Amino acid sequence: MQMKIIFLVFIYLFCLVISVNSQEKAKRYYEAYKVDNPPTIDGKLSDDAWNVNKWEGNFVQHEPYEDRPPSQPTEYKICFDDVNLYIAIKAYDSSPDSIINRMSRRDDADGDMVFVAFDSYHDLRTAFIFGVSSAGARADFILSNNGQNEDHTWDPIWQVKTSMHNWGWAAEMKIPFTQLRFERNSDEVWGLIVGRHIFRHNEMSFWPAIPRNAPGVVHLAGELGGLAEVEPRKQFDIMPYGVSSYNSYEQQAGNPFRTGRDPGYRVGLDSKIGVTNNLTLDLTLLPDFGQVEADPSEVNLTAFETFYREKRPFFIEGSSITSFNVGLGDGSVGNDNLFYSRRIGRRPHVYPSLEDGEYADVPTFTNILGAAKLTGKTKNGISVGLIESVTAEVRADIYNAGQRSTDVVEPLTSYSLARVQKDFNKGNAILGGMVTNTMRRLDDTDINFLHRNAITAGVDYTQYFKERNYLLGTSLYMSHVEGSAEAITRTQMSSARYFQRPDAAHVELDETRTSLSGFGGKLQAGKVGGNWNFLLMSNWKSPGLEINDMGFMGQADWFINVLWTGYNFTEPFSIFRSLRLNHDVYTISDFGGNLLNAGYEWNVNANLKNFWNAGMGGGYEFLNISNTMLRGGPSMHLPSGWRLWSRVSSDSRKKLSGSILGNVNGKAEDVSRSYSLGASLTIRPANTLRISISPDYSIRSDEFQYVAQRNHNDQERYLFGKIDQKVLSMSLRINYTIIPDLTIQYWGQPFTATGKYSSFKMITDPKAAKLSDRYYEYTPEQLKKEDGYYSVDENRDGSYDYNFGIPDFSISEWLSNLVIRWEFMPGSTAYLVWSQSRDYFRPNGEFETWNNLNELFTNKKANDVFLLKISYRFGLR
């Protein structure tokens, strides 16, 4: 019934919006001109090529005052020859000494900026951005999905110079046609946007005008003509690389694999090949990502996997094309996707079981033998994303009394993906599909708990109406996994579904199954343009859905409905430059028809006229029933919950700026309470140096922290305890830009976390009306603490019935990464890297910060990795 009502609402909205006729406004137009003698890229704009035609101007302010003339005028010209596109931009300024020149690394430009965006596909959804700061720092990225997604890992080969003048500053660009994707002899115009950011006013202006409440960016671009006879050029770059490394760490007596030092080297190859005018093939053989920053430390006490963002350039570039999001909104739920590239090259699934006196050398990641990625978009509006990657079989070396052997800890695995989307009606309708396949070679291994074969497939459709102010979108997808009975039983019992739950009548654990299938979908409709927005959203995942072989999903067996609305004040008023109000209500059910959660959320975000930012928000959970809290046990009723947060940040343009964020949440009847406080301080002592310090501190007290599960007298015991947890960490970042192509970056993070358990209890009646009737708390006489365990005398007969490990912990870690990056030639880069890690553990749960940190840095030798990586680009076209 619930699904039917939502479907009827969607259909009503669909009929409402299609009844309104849309009218397209005339677009601004610029005609590029061809030159025989191209300009020299020096930023001076003194070449004869810039004396042809008149300068184009009349930019329109976008922020803070929409549709007004900018405070300073801007002009540009665009010309071309057979090989390159040339852009000149004059950024006039009546106070040139007030222009903010800040040196920064590529894609982290700071200060005054200008940029140009080309929709060379002219699909009204994709744009290639080339920007530069007044100090000459480049910024380039791809806008996709009409500006909803940004890909900052795209690093095209192009040149730009800037220069200061008494009338302002100038930028001069040269962009090879090999770096853009377009059709031969096309009669179509390109989309064009030229923009300028005046840093001291935080003012953005565009050619042409782009409303702040527009439902996108790219479809509003102006038109660039004159390029119909330009001959597309295919890119063909080969980039071999070599890496030399040295690893120093604590030596372990008797362990032949822990000698205290490991030198190493490796070579590999990356390439980028233009297969057609619009399709590019990226290849990598034996890739190395040693320059990539480590993941931050954390303590995860839940049953669910942590989502880590991708940092490896090969997998990030073009990720918007290969994405098939099956989540909803922001946060952990929004991360669900049919493709999660961190699966490729992951830590091995297996750690060998060792006897006394045995030692093992287990790799920390799976070697990627090779990967290929084909991405692009055809003239007919078909977007293509294909990925094929093969990871090696990984073996652990085992040593026992002079004898060596090996165990397979990760099988040879193939990961395949195909993603296709087709635009219709000038990008107002998009139909797409995606298929992924994971195949593992498990023969001759003892790994029986992994899927041998895993397939996911999905289709999605989005329809925009009335100048893209309204949308109706849906996606449907399925999964099918195959493996041994052990593997499929493990899948059924995983935290994503818990088929073994005794009160789940709609699912059943079948330990003889060798395959499992499931499905899911998403439906949304609403108004996304204008000041007032709303969305009706539904998301469902059947109990048998399993996409985690190549994708990411936290939980299946649910149906979530959300009604969201927001209002955006875009024009400055009172103390505000802009103001955003958001509200939503939601319900969550399982596939058995059980209503699990219902709640309300709100937030307010403000940009102030003094260039500070502030926000606050919160939520209340009226109903809270968990199918996962007992980790395979029956569902449990919990008290209602609430949360509040607030933040404030100062003017980020200043040489000294900062922010602070506070968060508090809890549950009724004093079941839980947590507080967190985070801050950041950014210092710019010079235009080439930026230092950021970000400390975080959190406290959590929870009466129901899962501890263990035991069987006693053929009955399950779900054991919990009260946890008092404290976490303290600090992130330090230093960015020093010598020149835009030579930078030094440092990141360091000390981290300490403790958990002290008390008030141990077992769940007796998880659905009882009163909270106190849902559990029994052990008395001190029933517990005995000895040799790392608690023993429990449940029936008080003097003998202990079961035990569980003492869960108290105190963890300290240190992670740091120093990277010197030098792009000594366009596309050719050298990295010098020093990474250090330390860790220390005590099972006492005491929050003794200074003692823990002292032990962290003195208890044992750090793990230091020194690495030199050089890649050289051979441009063959």
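Strands here are DSSP runs of E, at least two residues long, numbered from the N terminus. I'm working from a predicted model.

**Entry 1, Y29**

I started with Y29 and found it in strand β1, residues 29-31. Is Y29 buried or exposed? Neither, quite: its relative accessible area is 39%, and because the partly exposed class runs from 20% to 50%, Y29 belongs there. I listed what Y29 touches, leaving out residues up to four places away in sequence, and got V189, W207, E223, L224, G225 and G226. The side chain of Y29 also makes a polar contact of 2.3 Å with that of E31. I then checked Y29 against T364: they sit 335 residues apart in sequence and 55 Å apart in space, C-alpha to C-alpha.

**Entry 2, the nonpolar cores**

Next I looked at the largest nonpolar core, which has 47 residues. Which members touch the most others? They are I78, L85, F118, F130 and L192. Strands β4, β5, β8, β9, β13 and β14 each supply at least two residues of this core, and β5 gives the largest share, with 6 residues.

I picked F118 for a closer look. Not counting residues up to four places away in sequence, F118 touches I78, L85, I87, T126, A127, F128, F130, I175, W190, G191, L192 and L224. There is also a second, separate core of 20 residues, and I noted A371, L417, M434 and M550 among them.

**Entry 3, N213**

I found N213 in the loop between β15 (203-207) and β16 (222-225). Which side chain does N213 meet in a polar contact of 2.7 Å? That partner is N531. Setting aside residues up to four places away in sequence, I have N213 touching E66, G529, G530, N531 and T570.

**Entry 4, helix α4**

I went through α4, residues 485-492, for buried positions and wrote down A487, I488, T489, T491 and Q492. What do they pack against? I get β28 (470-482) and β29 (515-527).

**Entry 5, a sheet of three strands**

Last, I looked at an open, antiparallel sheet of 3 strands, in the order β43-β44-β45. Why do β43 (783-786) and β45 (802-805) each have a side without a neighbour in the sheet? Both stand at the edges with a single partner strand, so one side of each is left free of a neighbour there. From one strand to the next, I get an average twist of 25°. Between β43 and β44 (residues 789-792) I have 4 bridges, with the two strands running antiparallel. I also looked up K785, and its bridge partner in β44 is Y790.

Methods. Residues numbered from 1 in each chain as written. Predicted model: local features only at pLDDT ≥ 70, side-chain atom pairs only at ≥ 80, totals over all residues. Heavy atoms only, no water. Pairing = 2+ DSSP bridges. Axes fitted to C-alpha atoms, helices over the stretch in contact; angles between N-to-C directions. Buried < 20%, exposed > 50% of the residue type's maximum accessible area, 1.4 Å probe, protein only. Contact = heavy atoms within 4.5 Å. Core = buried A, V, L, I, M, F, W, Y, C linked by side-chain atoms within 4.5 Å. Polar contact = N/O pair within 3.5 Å; in protein donor to acceptor, adjacent residues only side chain to side chain.
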